[in-house]
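Here's a short set of exercises to work through with the model open in your viewer. Try each task before reading its solution.

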Amino acid sequence: MLTSSLRHAFAPVVVLTGASSGIGHATALAFAREGACLVLAARGPEALDKVVAACELLDAQALAVPTDVTSADAMRALADAAIQRFGRIDVWINNVGIGAVGAFDDTPVEAHQQVIAANLIGHMNGAHAVLPHFRQRGRGTLINMISVGGWAIAPYAAAYTASKFGLRGFSEALRAELGSLPAVHVCEVYPTFVDTPGLFHGANYTGKRLRAPPPVLDPRTVADALVALSRAPRDVVSIGSVATPGRLAHAVAPGLTNRLTVWLADLALRRADPAPVTNGNLFEPSRVHTIDGGYRTLAVRAMPVAAIALAGAIGLGLLWALRPRSKQRPRRKDGALARPAGSAAKLR
């Protein structure tokens, strides 16, 4: 008993939002196996209690705090609850992410606003709640879950794309602002598509069944990366075999990459089965609380097509970037091409 108490006393205190399913659920269990003290947040109290119980079975101390990340007051209450229970916060993980899929003008503006409120403002609320504590202690790690969507567009998810691009800029600005505190870290995490129930949860205004494009990550891979990041903070972490190539393709040839991405999305939607239009979990807690979404098996067949398309985008982008550029000959004032230097002497 004494050994267990000492272990808990020196264990890192981790606050995790979006902890009831998917990456959050997997991350809670991963930290619990490491003996961390956990403060878990999500909107649905019943699902949250089940995750807490699973963590306690792993001999971890865990506290459930039902929280709506779009409320700054609720996020301050989350930070206060963590400090009151465990005396400090070592790691704060902003993990909430929701989406609304559909053509921009076919999607209700309230849906766009809610995606921004949860994904961007929610992360800002979390940072605003914990940073005074980190400043006071002179140490702490803030981890913002962003996704590869922070570098490349997600077609028919304009608000999601805006929120992720915004999170990247917010994280960079915050890290620069905190440069005088070397033990306070701001980390950005960019996974590719992850096999979670997120597409079941999210709003869908396409009228078609949505599936995650391959290759699809195991949520536990992301969870393990977050545990490792909490021990050895880094500014930017990309997860997934196509994360870095995707960033490269977009950086080298953004127009080409965007057109290819939209073409693939259109192709997938044309082939998809019909599905009801739904607001999903935008305005109410999620209903599916598993870790996995079941896409990894489905994605195996389509992986060669995705790999060829991505390789093609990168290859064409690199060819475009490395193409020889012909020098433009200067023109005289009258518009005629000027002769190269020395040409008159050669004519003589």
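**Exercise 1. A serine in a loop**

Work out whether Ser147 is buried or exposed, and list what surrounds it.

*Solution.* Keep in mind that you're looking at a predicted model.

Step 1: start with accessibility. Ser147 has a relative accessible area of 11%. The cut-off for buried is under 20%, so Ser147 counts as buried.

Step 2: place the residue. Ser147 sits in the loop between E6 and H6.

Step 3: look for polar partners. A polar atom of the Ser147 side chain lies 2.9 Å from the backbone nitrogen of Gly149.

Step 4: collect the contacts. Leaving out residues up to four places away in sequence, Ser147 touches Tyr160, Lys164, Val189, Tyr190 and Pro191.

**Exercise 2. The sheet**

Find the order of the strands in the open sheet of 7 strands, and say which strands are at the edges.

*Solution.* Step 1: trace the pairing. The order is E3-E2-E1-E4-E6-E7-E9, and the pairing is parallel.

Step 2: pick out the edges. Strand E3 (62-66) and strand E9 (236-239) each pair on one side only, which makes them the edge strands.

Step 3: check the twist. On average, neighbouring strands in this sheet are turned by 15° against each other, with direction ignored.

Step 4: add helices. Helix H9 (residues 243-252) packs on the sheet and touches E7 and E9, its direction making about 110° with that of E9. Helix H3 (residues 45-57) lies across strand E2 (37-42) and E3, and runs at about 170° to E3.

**Exercise 3. Strand E4 and its neighbours**

Show how E4 is joined to E1 and to E6, then decide whether its faces are covered or open.

*Solution.* Step 1: take the E1 side. Strand E1 (residues 13-17) and E4 run parallel and are joined by 3 bridges. Leu16 has Ile93 in E4 as its bridge partner.

Step 2: take the E6 side. Here 4 bridges join E4 to E6, again with parallel strands. Val91 stands opposite Thr141 in E6.

Step 3: check the faces of strand E4 (residues 91-94). Val91 and Ile93 are buried on one side, Trp92 and Asn94 are buried on the other, and both faces are covered.

**Exercise 4. Aromatic pairs**

Find the aromatic pairs and classify each as stacked, tilted or edge-to-face.

*Solution.* Step 1: count them. There are 2 aromatic pairs.

Step 2: take Trp151 and Tyr190. Their ring centres are 5.5 Å apart and the planes are at 55°, so the pair is tilted. Trp151 lies in the loop between strand E6 (140-145) and helix H6 (158-177), while Tyr190 is in strand E7 (residues 184-191), 39 residues apart. Tyr190 is buried, at a relative accessible area of 0%.

Step 3: take Phe200 and Tyr295. The centres are 5.8 Å apart with 25° between the planes. Stacked needs an angle under 30 degrees, so this pair is stacked. Phe200 is in helix H7 (residues 198-201) and Tyr295 in helix H11 (residues 295-322), so the pair ties together parts 95 residues apart in sequence.

Step 4: compare the accessibility of the two partners. Phe200 is partly exposed, with a relative accessible area of 49%, whereas Tyr295 is buried at 5%.

**Exercise 5. A charge over rings**

Which ring faces does Arg168 lie over?

*Solution.* Step 1: go back to Trp151. Arg168 lies over the face of its ring, at 4.0 Å from the ring centre.

Step 2: turn to Phe165. Arg168 lies over that face as well, at 5.5 Å from the ring centre.

**Exercise 6. Asn119**

Where is Asn119 found, and which side chain does its own side chain meet in a polar contact?

*Solution.* Step 1: locate Asn119, which is in helix H5 (residues 109-137).

Step 2: check accessibility. Asn119 comes out at 0% relative accessibility, so it counts as buried.

Step 3: find the polar partner. The Asn119 side chain makes a polar contact with the side chain of Ser163, at 3.3 Å.

Step 4: widen the search. Beyond four places in sequence, Asn119 touches several residues, including Val96, Gly97, Tyr160, Lys164 and Leu167.

Notes:
Residues are numbered from 1 along each chain as its sequence is written. This is a predicted model: local features need pLDDT of at least 70, side-chain atom pairs count only at pLDDT 80 or more; totals for chains, interfaces and linings use all residues. Side-chain values use heavy atoms; hydrogens and water are left out. Rings of Phe, Tyr and Trp (its six-membered ring) pair if their centres lie within 6.5 Å; planes under 30 degrees apart count as stacked, over 60 as edge-to-face and the rest as tilted. Helices (H or I, at least four residues) and strands (E, at least two) are DSSP runs, numbered from the N terminus. Buried means under 20% relative accessible area, exposed over 50%, partly exposed in between (1.4 Å probe, protein chains only). A charge sits over a ring if NZ of Lys or CZ of Arg is within 6 Å of the ring centre and within 35 degrees of the ring normal. Two strands pair if DSSP finds at least two bridges between them. A polar contact is a pair of N or O atoms within 3.5 Å; within protein, one must be able to donate a hydrogen and the other to accept it, and residues adjacent in sequence count only if both atoms are side-chain atoms. Contact means heavy atoms within 4.5 Å. Axes are lines fitted to C-alpha atoms, for helices over the stretch in contact, and angles run from 0 to 180 degrees between N-to-C directions.
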